[in-house]
Amino acid sequence: MSLPHAILTALLEKPSSGLELTRRFDKSIGYFWSATHQQIYRELGKLEQAGHIRALPAPVPARGQKKEYEVLPAGRTELGDWVARTEDPKPMRAALLLRMRAAAVVGASGLRAELHRHLALHQEQLDEYLAIEARDFPSERRHSEPDRLRHLVLRGGIDMERFWVEWLTGALKELGEE
């Protein structure tokens, strides 16, 4: 159950409303742990009921005003306990690889176009990650442990996208395309 922990992490970085969390997920955490607006709101309710977060009091009460949440000590403890737990890697689920296996049985019609499309998507994502790295993690700003940890997460994404670009390029070459 990592979504509540992703939300606790985001709220410890900065108290936020559900809408702000959704936007932040789209720009950072969502690169490696996605969640819909509805999932985030549902999880905020569960975290609040569990005593891990609370809605900050509004400066001026108003109907329909967005709630901003902060993490309570119990939430920080839960997140720290989760960080310290062991967890085995999950088996990979890649529809493209399954589709290729199926193509070996029923024929590869349309598969090459899909491989090219995936290659373009992974190259685009790699370029975006590299731009984020250049903007947010110049070598002179990687001195603190939090910065090094955030950069390592980004490097994981960069390395995964490089893997897919290289693998897809090789697959297309092996299938007779340059």
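How much space lies in the largest pocket? The points below start there and then turn to surface, salt bridges and contacts between helices.

1. The model is predicted. Its largest pocket holds about 1300 Å³ of space. The lining is made up of 33 residues, and those nearest the centre of the pocket are Glu13, Ile29, Phe32, Arg150 and Val153.

2. Several helices contribute to this lining. At least two residues each come from helix H1 (3-13), H2, helix H4 (73-84), helix H6 (111-136) and helix H7 (145-174). H7 gives the largest share, with 8 residues. By character, the lining residues of the largest pocket comprise 16 nonpolar, 11 charged and 6 polar.

3. Phe32 deserves a separate entry. Phenylalanine 32 sits in the loop that runs between helix H2 (18-27) and helix H3 (37-49). Its relative accessibility is 53%, so phenylalanine 32 counts as exposed, the cut-off being over 50%. Together with Trp33 and Val153, Phe32 makes a nonpolar surface patch of about 310 Å². Phe32 and Val153 are also among the residues nearest the centre of the largest pocket.

4. The structure contains 11 salt bridges. One of them joins the side chains of arginine 24 and glutamate 13, at 3.4 Å from N to O. This pair links distant parts of the chain, with arginine 24 in helix H2 and glutamate 13 in helix H1, 11 residues apart. Glutamate 13 has a relative accessible area of 45% and is therefore partly exposed. Glu13 is also one of the residues nearest the centre of the largest pocket.

5. A second salt bridge is formed by the side chains of lysine 66 and glutamate 20, with an N to O distance of 3.5 Å. Lysine 66 belongs to the loop between strand S2 (53-55) and strand S3 (68-71), while glutamate 20 is in helix H2, so the pair ties together parts that are 46 residues apart in sequence. Lysine 66 counts as exposed because its relative accessibility is 53%.

6. Another salt bridge lies within a helix. The side chains of glutamate 114 and arginine 117 meet at 2.9 Å, N to O. Both residues are in helix H6, and because they are 3 residues apart, about one helical turn separates them. Is glutamate 114 buried or exposed? Glutamate 114 counts as buried, because its relative accessibility is 16% and the limit is under 20%. Arginine 117, at a relative accessible area of 44%, is partly exposed.

7. Salt bridges with shared partners also build one network out of Glu13, Arg24, Asp147 and Arg150. Of these network members, Glu13 and Arg150 appear among the residues nearest the centre of the largest pocket.

8. Two further pairs bring together positions separated along the chain. Leucine 121 is in helix H6 and is partly exposed, with a relative accessible area of 42%. Its C-alpha atom is 9.4 Å from that of glutamate 161, although the two residues are 40 residues apart along the chain. Threonine 9 is in helix H1 and counts as partly exposed at 28% relative accessibility. The C-alpha atoms of threonine 9 and leucine 79 are separated by 7.5 Å, with their positions 70 residues apart along the chain.

How values were computed: Residues numbered from 1 in each chain as written. Predicted model: local features only at pLDDT ≥ 70, side-chain atom pairs only at ≥ 80, totals over all residues. Heavy atoms only, no water. Patch = residues over 30% accessible without salt bridge, like charges linked within 9 Å, V, L, I, M, F, W, Y side chains within 5 Å. Areas by Shrake-Rupley, 256 points an atom, 1.4 Å probe, with all protein chains shown as cover. Salt bridge = Lys/Arg side-chain N within 4 Å of Asp/Glu carboxyl O. Helix = DSSP H or I, 4+ residues; strand = E, 2+ residues; numbered from the N terminus. Buried < 20%, exposed > 50% of the residue type's maximum accessible area, 1.4 Å probe, protein only. 1 Å grid on protein atoms, 1.4 Å probe; cavity = no way out; pocket = protein on both sides within 12 Å on 5 of 7 lines; lining within 4 Å. Points joined across faces, edges and corners; volume = space filled by probe spheres on them. Nonpolar A, V, L, I, M, F, W, Y, C, P; charged D, E, K, R; others polar.
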